[in-house]
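Me: I am new to this structure and would like a close look at a single part of it. Please take me through the packing of its interior, and of the aromatic rings in particular, in one connected answer.

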Amino acid sequence: MERRKFINTAIFGAILPFSESVAESTPAKENGLAEPGRNIPIAGDYDVIVCGAGPAGIAAAIEAGRNGAKTLLIEVHGCLGGVWTAGNLTWILDNQNKSGLINEIKRDLAKLAGAGTVDSGSSYSFDAEVMKVILEAYCVESNVDVRLHTRVVSTAVKNGRLTHVLTESKSGREAWASKIFVDCSGDGDLAMQAGCKYEYGGPEGEGQPLSLLALVTGVNYDEIKPFVRDADDSKLRSPSKKRLEAEIIRSGVKPSYSLPGLYPIRKDLFMMMANHEYGYVGFDAKQISIATIRARAEVHQIVNGLRSLGGHWQHLRIVSTAEQIGVRESRRIHGLYTVTANDIIEGVRHKDAVCRVTFGVDVHSVKKDDENKKVYNRGVKAIPYDIPIRALIAKDVKALMMAGRCISGDFIAHSSYRVTGNAVVMGEVAGRVAAIAAVSGRLPQEVDWAEVKWTL
C-alpha cells in the first residue's frame with residue numbers, strides 16, 4: 001500500500017484491511033536453514049529462575065529472593081510489570097481479600113501518590129510509572145537479579161528435568177542454569193519449549209480476542225462521568241459502556257468492541273479499552289503483529305473521532321498505547337491438577353490452596369458475531385473457589401512451575417482466574433515453594449504444604 005494512503009487509512013479511515021488469511025502462518029518454501037553448532041556460554045547458575053516479569057513473575061521472583069534463594073528474573077520488555085506497565089492495564093481486578101505482596105504494592109503506591117484518585121469500586125487503579133519503580137525497588141531489596149530486554153528462546157531438559165533456559169539479547173545467546181524454574185510468561189512459552197503439553201481455546205477451538213489498551217488525557221472526569229466506568233457505574237452494570245459506544249458511533253467510527261470503556265485513574269487520566277481483535281493467536285508472532293497494528297490504528301481512529309465531536313471531548317489525547325497488546329487467553333499448561341468449571345460451580349476448597357478466586361466467569365466472545373449473543377459468564381454461576389499448588393506444578397517436566405494465566409485449567413475456569421489480582425498471589429506462592437524446593441534439593445511436589453506456611 002502506498003505510504004500516504006496507508007497513513008490516511010490507518011488513522012482517519014476504516015480499520016486496516018488485513019484479511020484473516022494473512023494472519024495464518026505461511027509455509028516455508030525451503031526445508032530450513034542449518035545453523036552451525038556452537039557452545040553457548042553459561043551466563044549464570046541460580047536456585048530459582050523466573051521467566052516473565054508480569055504480575056505473577058515479579059511476585060514469584062521477589063518471594064523467592066526473600067526466602068533466601070539466589071534468583072534471576074528474565075523479562076523481554078524494558079520494564080517490570082508486564083501487562084500492568086508495558087500493557088497499560090492500570091486496574092487490578094480481584095485484588096480484595098488477598099494477603100501478601102498485593103497489599104504491599106497497594107500500600108506503597110499510595111505512599112508515592114501512585115494510587116488512583118477516582119473511586120473505582122472493587123478494582124484498584126494506579127499510575128503505571130509509579131508501579132514500575134516500586135517493582136524495581138522490591139527486586140533490588142530482595143536481591144533478585146533482573147535481566148531486561150531478554151527473551152527465553154529454548155531450554156535444556158535432562159532425564160525429564162529442566163536444567164537450563166537459553167536466551168537471546170544484546171549480549172547474544174546465553175544459557176542459564178537453575179534448580180527450579182517458574183514460567184510466568186503468560187503464554188506458557190517456557191513450558192512449551194521444555195516439552196510440556198497444553199490446551200488452548202474453548203469448544204469453538206479459538207481463544208478470546210486481543211485488546212490494545214491506551215492511556216488518554218485531555219478530558220475531565222466531572223464532565224464525562226456518564227461515559228466513565230467508575231464505582232457508581234459498576235453498581236449499575238456499567239451503562240457507561242453503551243453510552244460511550246454511542247458517542248464513538250456518533251463521531252463516525254464503529255468500534256470493533258460493543259462495550260468500550262473509559263476507566264479512571266485520576267480526574268484527567270484514563271485507561272481506555274475499546275477494541276477487540278478476533279481470531280488471532282497470542283503466541284503466534286505474525287498474528288500478534290497484525291493484531292497490534294490493526295488495534296493501534298483503531299484506537300487512534302476512536303480518539304480522533306471523539307475529539308472531532310468537540311465540547312468536553314475537544315482536548316482528548318492519547319498519552320500512550322500499550323507496548324504489548326493484551327492477550328486474554330493463551331496456552332494452559334498441563335499440571336498435576338486442572339482447575340475446572342466444576343470447581344467454580346461447586347466452590348471447591350483445597351488444603352493446599354494458593355489463592356481463593358472471587359472473580360466471576362468472564363469470557364469475551366471468540367467470534368464477533370457472538371459478541372451480543374453470548375453472555376460473559378456462559379451460564380456459570382461462580383462461587384469463590386480455591387486454586388491448589390498442584391495446578392502450578394508442571395505435569396510433563398520436572399523442576400518447572402507456572403503462575404498466572406498459564407497454569408493448569410480449562411477454558412471456563414481460566415476466564416475467571418486469569419485476572420492480575422490472582423496472578424500476583426499465584427506468583428508469590430510459586431516463588432516461595434520454588435525457593436524451599438531449590439534450597440533443600442527437592443522438587444516442588446516434594447515440598448510438604450505445611451512447610452510453605454501460607455494462609456489465604
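Reply: What follows goes from the nonpolar cores to the ring pairs, then to the charges over rings, and ends with the enclosed space.

The model is a predicted one, and its largest nonpolar core holds 94 residues, with Ile58, Ile387 and Leu392 having the most contacts inside it. Helix α13, which covers residues 420–440, supplies the largest share of this core, namely twelve residues. Taking Ile387 as an example, and leaving aside residues up to four places away in sequence, one finds that Ile387 touches Val339, Asp352, Ala353, Val354, Cys355, Val357, Leu392, Ile407, Tyr417 and Met426. A second core, separate from the largest one, has 21 residues, among them Ala214, Val216, Phe227 and Ala274.

Turning to the rings, a search of the whole structure gives six aromatic pairs. One of them joins Tyr46 and Trp176, whose ring centres are 6.5 Å apart and whose planes meet at 45°, so this pair is classed as tilted. Tyr46 belongs to strand β1 (residues 42–51) and Trp176 to strand β8 (residues 172–183), and the pair thereby links distant parts of the chain, 130 residues apart. Tyr46 and Trp176 are both buried.

Another pair is formed by Tyr200 and Phe283, where the ring centres lie 5.3 Å apart and the planes stand at 85°, so the arrangement is edge-to-face. Because Tyr200 sits in the loop between β9 (198–199) and β10 (214–217), while Phe283 sits in the loop between β12 (269–273) and α10 (285–308), the pair ties together parts that are 83 residues apart in sequence. Tyr200 has a relative accessibility of 21% and therefore counts as partly exposed, and Phe283, at 27%, also counts as partly exposed. Ring pairs link Tyr200 and Phe283 with Tyr198 into a cluster.

Charged side chains also lie over rings. The ring of Tyr46, already met in the tilted pair, has the charged end of Lys70 over it, 4.9 Å from the ring centre. Elsewhere, Arg66 lies over the face of Tyr138, 5.9 Å from the centre of that ring.

The last item is enclosed space, where the count comes to one cavity of 30 Å³ or more. About 60 Å³ of space lies in the largest cavity, and its lining consists of Asn97, Lys98, Ser99, Val354, Cys355, Arg356, Val425, Trp454, Thr455 and Leu456. Strand β15 (residues 353–357) gives the most to this lining, with three residues. Val354 and Cys355, which line the cavity, are also among the residues that Ile387 touches.

Conventions: Residues are numbered from 1 along each chain as its sequence is written. This is a predicted model: local features need pLDDT of at least 70, side-chain atom pairs count only at pLDDT 80 or more; totals for chains, interfaces and linings use all residues. Side-chain values use heavy atoms; hydrogens and water are left out. A nonpolar core is a set of buried Ala, Val, Leu, Ile, Met, Phe, Trp, Tyr and Cys residues joined through side-chain atoms within 4.5 Å. Buried means under 20% relative accessible area, exposed over 50%, partly exposed in between (1.4 Å probe, protein chains only). Helices (H or I, at least four residues) and strands (E, at least two) are DSSP runs, numbered from the N terminus. Contact means heavy atoms within 4.5 Å. Rings of Phe, Tyr and Trp (its six-membered ring) pair if their centres lie within 6.5 Å; planes under 30 degrees apart count as stacked, over 60 as edge-to-face and the rest as tilted. A charge sits over a ring if NZ of Lys or CZ of Arg is within 6 Å of the ring centre and within 35 degrees of the ring normal. On a 1 Å grid over the protein atoms alone, a cavity is a set of points where a 1.4 Å probe fits but cannot get out, and a pocket is an open set with protein on both sides within 12 Å along at least five of seven lines; lining residues have an atom within 4 Å of a point. Grid points are joined across faces, edges and corners, and a volume is the space filled by probe spheres set on the points.
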